[in-house]
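Me: Please take a close look at one part of this model, the salt bridges. Which residues form them, and how exposed are those residues?

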Amino acid sequence: MTTKTADGTLGYEQARDELIDVVRRLETGGTSLEESLALWERGEELAKVCRRWLDGARARLDAALAEEHDGEGGDGDGDAAEEE
């Protein structure tokens with residue numbers, strides 16, 4: 001069963017798990033060329049979904065860290081030594 005988010009996209013864990021299954025099926029072999037190509041294409045789509053989730057998580061983490069840094073009285077540029 002594939003679980004999707006409220007907007008109809010796959011969640012990270014679901015995309016990752018399906019991608020693992022696709023890779024396993026490709027590595028096992030025993031599929032026709034057409035089936036293998038379809039699996040490869042699905043794997044590429046799933047990898048893109050995972051990358052979008054990870055990029056979004058990285059952006060949120062960077063924003064939270066920047067906010068935390070700014071809250072410590074820093075000047076926001078991360079290099080106070082340049083100020084004169």
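Reply: Arg16 is partly exposed in this predicted model, because its relative accessibility is 30%, and partly exposed covers the range between under 20% (buried) and over 50% (exposed). Arg16 forms a salt bridge with Asp17, and the closest N and O atoms of the pair are 3.0 Å apart. Asp17 is also partly exposed, at a relative accessible area of 43%.

This pair belongs to a wider set: searching the whole structure gives five salt bridges. Another of them links Arg42 and Glu45, with 3.1 Å between the closest N and O atoms. Both residues sit in helix α2, which spans residues 33–71, and they are three residues apart, so about one helical turn separates them. Arg42 has a relative accessible area of 28% and is partly exposed. Glu45, at 44%, is partly exposed too.

Further along helix α2, a similar arrangement is found for Arg51 and Asp55, which are four residues apart, again about one turn of the helix. Their salt bridge has its closest N and O atoms 3.7 Å apart, which is inside the 4 Å cut-off for a salt bridge. Asp55 is partly exposed, with a relative accessible area of 42%.

Some salt bridges share partners, and in this way Glu18, Arg42 and Glu45 are joined into one network. The pair of Arg42 and Glu45 described above is therefore part of a network that also takes in Glu18.

Note on methods: Residues numbered from 1 in each chain as written. Predicted model: local features only at pLDDT ≥ 70, side-chain atom pairs only at ≥ 80, totals over all residues. Heavy atoms only, no water. Salt bridge = Lys/Arg side-chain N within 4 Å of Asp/Glu carboxyl O. Buried < 20%, exposed > 50% of the residue type's maximum accessible area, 1.4 Å probe, protein only. Helix = DSSP H or I, 4+ residues; strand = E, 2+ residues; numbered from the N terminus.
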